[in-house]
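Student: Can you help me learn to read salt bridges in a protein model? I'd like the general idea and then a real case.

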Amino acid sequence: PEQPVADPRFSEFLFLQAQSAGMFLGQIPNPQTGTNQVNLRAAKSVLDCLEMLEGKTRGNLTATEAKLLATAVNNLRPLYDQVSED
């Protein structure tokens, strides 16, 4: 079988999504207001999309891409759980 080919846009997309989720979870200041704000609905939407992407792309990513996606999900899920419990 053919090996997946890396696409630099994928990594950039993941970084953007993780950054957005971090902002929605109050970990990164909102660039417009400079304050940390929590938006659980938006954070859950980003996290759900990343988890869906993980399932739908399984076997079609390079090892580096798969690790980057798994790391993003594995780092964001506990943050979401923690913030949603507060």
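Tutor: Let's start with R77 and D81, which both sit in helix α3, 4 residues apart, or about one turn of the helix. Keep in mind that this is a predicted model.

Student: What do the side chains of R77 and D81 form?

Tutor: First the general idea: side chains of opposite charge can pair when their charged atoms come close. Here, R77 and D81 meet in a salt bridge, at 3.6 Å from N to O. That counts because the cut-off is 4 Å between the side-chain nitrogen and the carboxyl oxygen.

Student: Which residues are linked with R77 and D81 in a network?

Tutor: E51 joins them, so to speak: E51, R77 and D81 are linked in a network of salt bridges. In the E51 and R77 pair, the closest N and O atoms are 2.9 Å apart. This pair ties together distant parts of the chain, with E51 in helix α2 and R77 in helix α3, 26 residues apart.

Student: Are these residues buried or exposed?

Tutor: In between! E51 is partly exposed at 28% relative accessible area, R77 is partly exposed at 25%, and D81 is partly exposed at 32%.

Student: How many salt bridges does the structure hold?

Tutor: It holds 4. Another one of them pairs K44 with D48, whose closest N and O atoms are 3.0 Å apart.

Student: How far apart are K44 and D48 in helix α2?

Tutor: They are 4 residues apart in helix α2, which means about one helical turn separates them. K44 is partly exposed, with 36% relative accessibility, and D48 is partly exposed too, at 32%.

Notes. Residues are numbered from 1 along each chain as its sequence is written. This is a predicted model: local features need pLDDT of at least 70, side-chain atom pairs count only at pLDDT 80 or more; totals for chains, interfaces and linings use all residues. Side-chain values use heavy atoms; hydrogens and water are left out. Helices (H or I, at least four residues) and strands (E, at least two) are DSSP runs, numbered from the N terminus. Buried means under 20% relative accessible area, exposed over 50%, partly exposed in between (1.4 Å probe, protein chains only).
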